[in-house]
Amino acid sequence: MATKTKTENIIDTDSLRAAHLAVTWASHLNTDDGTPFKAGGFRYGIFSVTGTFGAGGTILLEGSNNGGTTWTTVLDKAGAAVSITAAGQRIIETLYEDVRPRVSAGDGTTALVPIFTAYS
């Protein structure tokens, strides 16, 4: 297991001066997690994943409100756990202080690129 680095880039500022920030992590292999992102100041986000899932590949979006001591799987807009098994995206309306991706299953071919776009 390795903790993958992230890159944060402002991608837009709308007419209300609301920032849109894209957080991209380095490719995740089986059991990797990502460096936490401070998401608490944003209204909502979109979690997107691309790449090769391999056999049984699953990536979770996890959240923590205690500085990363305890992590729980984040729920999407529909109230379902953000546990993704194929390329796609989920809308997140309840943000934790910190969020991170974590690959919970896969094989030697699993290589996933998680992106979290946060909106203020």
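Student: Helices (H or I, at least four residues) and strands (E, at least two) are DSSP runs, numbered from the N terminus. In what order do the elements of the protein chain run from that end?

Tutor: This is a predicted model. From the N terminus on, the order is β-β-β-β-β-β-β-β-β-β-β-β. The protein chain holds 12 strands and zero helices.

Student: And how compact is the protein chain?

Tutor: Its radius of gyration is 14 Å, close to the 14 Å that the globule rule gives for 120 residues, so the protein chain is as compact as a globular protein of that length. Along its principal axes, the C-alpha trace spans about 45 × 25 × 25 Å.

Student: What share of the residues is buried?

Tutor: Buried residues make up 39% of the 120 residues in the protein chain. The accessible surface comes to about 5900 Å², and 52% of this surface belongs to carbon and sulfur atoms.

Student: What about contacts between residues 24 or more positions apart?

Tutor: Such residues account for 71% of the contacts that have a separation of 6 or more.

Student: Let us turn to the strands. Which way do β7 and β11 run, parallel or antiparallel?

Tutor: Strand β7, residues 58–64, runs antiparallel to β11, and seven bridges join the two. Within this pairing, S64 stands opposite D98 in β11.

Student: Which strand do two bridges join to β11?

Tutor: That is strand β5, residues 37–38, which is joined to β11, residues 98–105, in an antiparallel arrangement. Here F37 stands opposite V99.

Student: F37, then. Where else does F37 come up?

Tutor: F37 is among the residues with the most contacts inside the largest nonpolar core, together with F47, I59, L61, I92 and F116. That core has 21 residues. Strands β3, β6 (44–52), β7, β11 and β12 (111–119) each supply at least two residues of this core.

Student: What does I92 touch?

Tutor: Not counting residues up to four places away in sequence, I92 touches Y44, G45, F47, L61, V74, L75, D76, V82 and F116. Three of these partners, F47, L61 and F116, also appear among the core residues with the most contacts.

Student: D76 is in that list. Which side chain does D76 meet in a salt bridge?

Tutor: The side chain of D76 meets that of R90, at 3.2 Å from N to O. D76 lies in the loop between β8 (72–73) and β9 (83–84), and R90 lies in strand β10, residues 88–92, so the pair ties together parts that are 14 residues apart in sequence.

Student: Are those two residues buried or partly exposed?

Tutor: D76 counts as buried, because its relative accessibility is 12% and the limit for burial is under 20%. R90, at 23%, counts as partly exposed.

Student: Why would such side chains pair at all?

Tutor: Side chains of opposite charge can pair when their charged atoms come close.

Student: How many salt bridges does the structure hold?

Tutor: The structure holds eight salt bridges. One of them joins D32 and K4, at 3.6 Å from N to O. D32 lies in the loop between β3 (19–25) and β4 (33–34), whereas K4 lies in strand β1, residues 3–4, so this pair ties together parts that are 28 residues apart in sequence. D32 is buried, with a relative accessible area of 5%, and K4 also counts as buried, at 19%.

Student: What about R100 and E62?

Tutor: Their side chains meet in a salt bridge as well, at 2.7 Å from N to O. R100 is in strand β11 and E62 in strand β7, so to speak distant parts of the chain, 38 residues apart. Both R100 and E62 are buried.

Student: Which residues are linked with them in a network of salt bridges?

Tutor: The network links D33, E62, R100 and R102.

Student: Changing topic: what is notable about phi of T31?

Tutor: Phi of T31 is near 75°, a positive value in a residue other than glycine. T31 sits in the loop between β3 and β4 and counts as partly exposed, at 35% relative accessibility.

Student: And where is T35 found?

Tutor: T35 is found in the loop between β4 and β5. It is partly exposed, with a relative accessible area of 25%. Leaving aside its neighbours within four places in sequence, T35 is in contact with T3, K4, T5, K6, W25 and V99.

Student: How far apart are T35 and T70?

Tutor: They are 35 residues apart in sequence and 14 Å apart in space, C-alpha to C-alpha.

Technical notes:
Residues numbered from 1 in each chain as written. Predicted model: local features only at pLDDT ≥ 70, side-chain atom pairs only at ≥ 80, totals over all residues. Heavy atoms only, no water. Pairing = 2+ DSSP bridges. Salt bridge = Lys/Arg side-chain N within 4 Å of Asp/Glu carboxyl O. Buried < 20%, exposed > 50% of the residue type's maximum accessible area, 1.4 Å probe, protein only. Core = buried A, V, L, I, M, F, W, Y, C linked by side-chain atoms within 4.5 Å. Contact = heavy atoms within 4.5 Å. Rg over C-alpha atoms; globule rule 2.2 N^0.38 Å. Areas by Shrake-Rupley, 256 points an atom, 1.4 Å probe, with all protein chains shown as cover.
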